[in-house]
Amino acid sequence: MRILSNIEEPGGPPTGAGRPDCPICGGVGYLRQNVPVGDPNFGRVTPCACVRGALQLQVSERLYRFSNMDRLKHMTFESFSPRGRIALSPIAQKSLEQAYNLAHSFAQTRAGWLFLEGGYGCGKTHLAAAIANFSSEHGIPTMFLTAPDLLDWLRASFEGNDDRFSQRFEEIRQVPLLILDDFGTQNATPWAQEKLFQLLDFRYLNKTPTVITTNLRLEEIEGRIRSRLADTESVNRVRILAPDYRQPVKELGSTELSTLNLHSRKTFASFSPRENEHLTPEESKSMRVALDHSRRMAESPLGWLVLLGSYGCGKTHLAAAIANQREAMGFPSLFVVVPDLLDYLRSTFNPSSPVSYDRSFEEIRSSNLLVLDDLGAQNATPWAREKLFQLLNHRYNAELPTVITTSVDLAEIDPRVRTRLLDKRLCTICGITAPPFHGSKPEGASGKKARRAKV
C-alpha cells in the first residue's frame, strides 16, 4: 500500500486524520493499495489501522444514540436472573437458563442468529438489550430497534427521498449486529413484509449476526421469514416458557375472567374435613388425601393436581385455597370456571374487543398457576374441545402448574386430554368420595338416633 497525500489525491480523504506518530500512514489516516490496473482494489482508499478503531467507535456511538439504548442500559447480563424472579416450573426455569446461556454465548461470539420466543415479560427484551450493551461496550457497531420503529424509520426516509431511503436501508442491512425486538407487532402491510424480508434475507445469506425476539409462535410468522428462522444450522432458537414477571395474570384478573375474588374466603383455614359428619373411613381418607395434596401444591406448585368428585364435596374450595395461598405469597394465579373461560375467548373474536384472542390465549396458557374449575361442564362443541386441548396440551408439554376440578367421570373427557390426566409422572388425581356438603346428611349415627327418637 502507498500513503496518500493531498498532491496524490486532490479533494480526497482529509489529511491529519490519523495518529501523528503512526509508522504506516504518517498521520494521513488513509492508504491506497498498490495493485496493478484492473485489480478490483485499484484506486480504492482504505482507512489506516490507526483510524479504523476511532471510526468504528464513532459509528458505535451514533448507532447507540439512534437505538436509544440509554433507556435500556440497566438491562445487562449481571442484572438478569437466569433462575427467574418468581417460582417457576422446572421446564420453565430450564428454558430461561437456556436462553440466558445462549444469549451470553452469542454476545461473546456473535455467530449466526439468535431467535428468542416467549410471552410478554418473560425476559426476551432484557436478554436482547444485554447483548446490545455488551457489544457496544466492546466497540461493536450495534443497532437495537423494535420492528415497528424500524419500519417507521424506513417509511420516514422513503417519502420523497429515494437516496436517503437507500442509504438507511443499506446501513441496516450492513450493520455488524442487528437486534430486532418485538418482531411480529409491526403493521403487516405488503410493503412492510417485503422490506423485512429483504432485510432479513440479506443478513441470512451473508450470515450477518442478528437477534430477533417475538411474542408470536414460529408458525404465525410470514412463510419466507419463517423458513429462515427454522434453519437450525444458522439460527439458535429457544422459547422461554417463564411467565410475565410483572404479574402476568393481573391484566386478566381485571376482567371478568378471573373469579378468585368470589372465593376469597375459601382458604385452608376455613376448609373443614367434615370429621364430625360420620363419614365412612374411605370418605374421610379421600378428604384428608385431597387436603394434603392441595397444601403441597400451594406450598410448591409442581405438576398437575386433579380434584375429582361430586358437586359440593369441597373440590372447588380446595382449588380456591391453593390459588389464594399463592396470591398471599405474592405469586399471581388465574382461577377460572371452564365455561366462563370459553365464553371469554369467544368474546375476543369480536372486533370491538379491547384485547386480541392471540394475546389472551397466550397469557392464559402460560400463566404461572392456572386453576380450571368445573372441567366437563362446558358445551362440548368441536371448537370448545379444540381450545381446551390446545390449552392443556401446551401446559402439559411445558409442565406448567395446573389445578383442575371436575365432577364428570374421566371416561367422559376428551381422550386427548384424558391421556394427559392419566400421566402419573406429571399428574396426581384425588378422588373425593364424600357426599355433597350441602346435601342431605348421610345415614350415620345421627340418622339412627333420629329414627329411634321418632319410634
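This passage looks at one enclosed helix, one pair of packed helices and a nonpolar core in a predicted model.

Helix 10 takes up residues 315-328. With 14 residues at 1.5 Å a residue, the helix should span 20 Å, and its end C-alpha atoms are indeed 20 Å apart, so the expected and computed values agree. Eleven of those 14 residues are buried, which means that helix 10 is largely enclosed by the rest of the structure. The buried set runs through K315, T316, H317, L318, A319, A320, A321, I322, A323 and N324, and also takes in R326. What does the covering? Among the elements lying over these buried residues are helix 9 (281-299) and several strands, including strand 9 (304-309), strand 10 (334-337) and strand 11 (370-375).

Next comes a pair of helices. Helix 11 (residues 338-347) packs against helix 13 (residues 382-398) at an angle of about 100 degrees, and their axes sit 11 Å apart. That angle makes helix 11 roughly perpendicular to helix 13. On the helix 11 side, the contact involves V338, L341, L342, L345 and R346, while helix 13 brings in W383, A384, K387, L388 and L391. Sorted by type, the contact residues come out as eight nonpolar and two charged, with no polar ones.

Then there is the largest nonpolar core, made up of 29 residues. Inside this core, W304, I364, L372, I404 and L421 have the most contacts. Elements giving two or more residues to the core include strand 9, helix 11 and helix 14 (415-421), but the largest share, six residues, comes from helix 13. As for L421, its contacts beyond four places away in sequence are W304, V306, I404, L410, I413, C427 and I429.

Key
Residues are numbered from 1 along each chain as its sequence is written. This is a predicted model: local features need pLDDT of at least 70, side-chain atom pairs count only at pLDDT 80 or more; totals for chains, interfaces and linings use all residues. Side-chain values use heavy atoms; hydrogens and water are left out. Helices (H or I, at least four residues) and strands (E, at least two) are DSSP runs, numbered from the N terminus. The expected span of a helix is 1.5 Å times one less than its number of residues. Buried means under 20% relative accessible area, exposed over 50%, partly exposed in between (1.4 Å probe, protein chains only). Contact means heavy atoms within 4.5 Å. Axes are lines fitted to C-alpha atoms, for helices over the stretch in contact, and angles run from 0 to 180 degrees between N-to-C directions. Angles under 35 degrees count as roughly parallel, over 145 as roughly antiparallel, 65 to 115 as roughly perpendicular and the rest as oblique. Ala, Val, Leu, Ile, Met, Phe, Trp, Tyr, Cys and Pro count as nonpolar, Asp, Glu, Lys and Arg as charged, and the others, Gly among them, as polar. A nonpolar core is a set of buried Ala, Val, Leu, Ile, Met, Phe, Trp, Tyr and Cys residues joined through side-chain atoms within 4.5 Å.
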